[in-house]
Amino acid sequence: MLTPQQITTLLVRHWTTLLWAGVIGVVLGVGLSVLRPLEFRSSIRLLITQESVSSDAYTASRSAERVADDLSNIVYTTAFFDQVLSARFNINKDQFPSEESKPAKRRRVWEKMVAPSVERGTGLLTISVYNQDPDQAKQISQAIAFVLTQQGWRYTSGGNISVRLVDEPLVSSFPVRPNIPANGFVGLILGALVGGAWVVVKRTSVK
């Protein structure tokens with residue numbers, strides 16, 4: 001069995017093999033990425049506040065955070081999705097599968113399109129919308145903001161709440177998904193690891 005020092009020496013001696021394996025990994029990572037449609041991102045931020053009888057700031061903050069968590073889960077539901085499509089925004093409904101023939105696929109498309117997140121310790125809810133068309137990403141994020149600010153209280157059981165849009169939709173200038181540089185880097189690392197493992201296994205088998 002090779003010692004760590006022997007493995008290091010072996011890898012250094014066969015650095016060209018690791019280099020080429022890394023290059024192949026980059027090519028595969030980038031190649032697989034470009035097979036997916038490039039998507040832009042539109043992000044909004046909303047502030048959730050809740051009337052509370054408690055004067056404790058920490059308790060009030062935790063309560064608002066819990067409501068934000070509830071709303072972040074509600075965003076994925078069919079009822080909320082229907083409300084977004086019904087809002088008076090220029091959303092292309094043809095990009096979603098038919099509700100009558102493919103309801104499950106319709107839901108999956110929506111779930112992949114939106115990504116809510118809650119900033120811990122605050123009542124801030126960030127919602128990102130991904131779409132091949134940057135204008136559609138913006139329209140959908142505006143519709144989401146409209147539904148939450150006007151009807152957000154309907155989706156929670158936390159009492160009187162207020163949802164306010166604090167950051168208007170911010171659309172990325174370039175596609176952000178898939179993340180081609182990140183995928184290329186991961187391909188480089190995995191390729192080099194596979195190449196290193198191949199060198200070590202080959203050396204061991206020769207012995």
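In the predicted model, Asp 69 and Arg 120 form a salt bridge in which the closest N and O atoms are 2.8 Å apart, a salt bridge being a side-chain nitrogen of Lys or Arg within 4 Å of a carboxyl oxygen of Asp or Glu. The pair links distant parts of the chain, with Asp 69 in helix H3 and Arg 120 in the loop between E2 and E3, 51 residues apart; helices (H or I, at least four residues) and strands (E, at least two) are DSSP runs numbered from the N terminus. Asp 69 is partly exposed, with a relative accessible area of 23%, whereas Arg 120 is exposed at 54%, where buried means under 20% relative accessible area, exposed over 50% and partly exposed in between (1.4 Å probe, protein chains only). Residues are numbered from 1 along each chain as its sequence is written, and side-chain values use heavy atoms, with hydrogens and water left out. Because the model is predicted, local features need pLDDT of at least 70 and side-chain atom pairs count only at pLDDT 80 or more, while totals for chains, interfaces and linings use all residues.

The structure holds 5 salt bridges, and among them Arg 45, Glu 119 and Asp 167 are linked in a network. Within this network, the closest N and O atoms of Glu 119 and Arg 45 are 2.6 Å apart; Glu 119 lies in the loop between E2 and E3 and Arg 45 in strand E1, so that this pair ties together parts that are 74 residues apart in sequence. The side chains of Arg 45 and Asp 167 also meet in a salt bridge, at 2.7 Å from N to O, and, since Arg 45 lies in strand E1 and Asp 167 in strand E4, the pair ties together parts that are 122 residues apart in sequence. Each member of the network is partly exposed, with relative accessibilities of 30% for Glu 119, 29% for Arg 45 and 30% for Asp 167.

Helix H3 also contains Ser 72, which is buried with a relative accessible area of 9%. A polar atom of the Ser 72 side chain lies 2.6 Å from the backbone oxygen of Asp 69. When neighbours within four places in sequence are left aside, Ser 72 is in contact (heavy atoms within 4.5 Å) with Pro 116, Val 118 and Leu 125.

The largest nonpolar core has 32 residues, and those with the most contacts inside it are Phe 80, Trp 110, Ile 144 and Leu 148; such a core is a set of buried Ala, Val, Leu, Ile, Met, Phe, Trp, Tyr and Cys residues joined through side-chain atoms within 4.5 Å. Elements that each supply at least two residues of this core include strand E1 (40-50), helix H3 (57-74), helix H5 (103-113) and strand E4 (161-171), while the largest share, 7 residues, comes from H6. Not counting residues up to four places away in sequence, Ile 144 touches Ile 44, Phe 80, Val 84, Trp 110, Val 114, Ile 127 and Val 129.

At the surface, Phe 185, Val 186, Leu 188, Ile 189, Leu 190 and Leu 193 make a nonpolar patch of about 560 Å², with accessible areas taken from the Shrake-Rupley method with a 1.4 Å probe and, for residues, only the protein chains shown counting as cover. Patches are made of residues with over 30% relative accessible area and no salt bridge, like charges being joined within 9 Å and nonpolar side chains (Val, Leu, Ile, Met, Phe, Trp, Tyr) within 5 Å. Val 186, found in helix H7 (residues 180-206), is partly exposed with a relative accessible area of 42%.

Methods: Polar contact = N/O pair within 3.5 Å; in protein donor to acceptor, adjacent residues only side chain to side chain.
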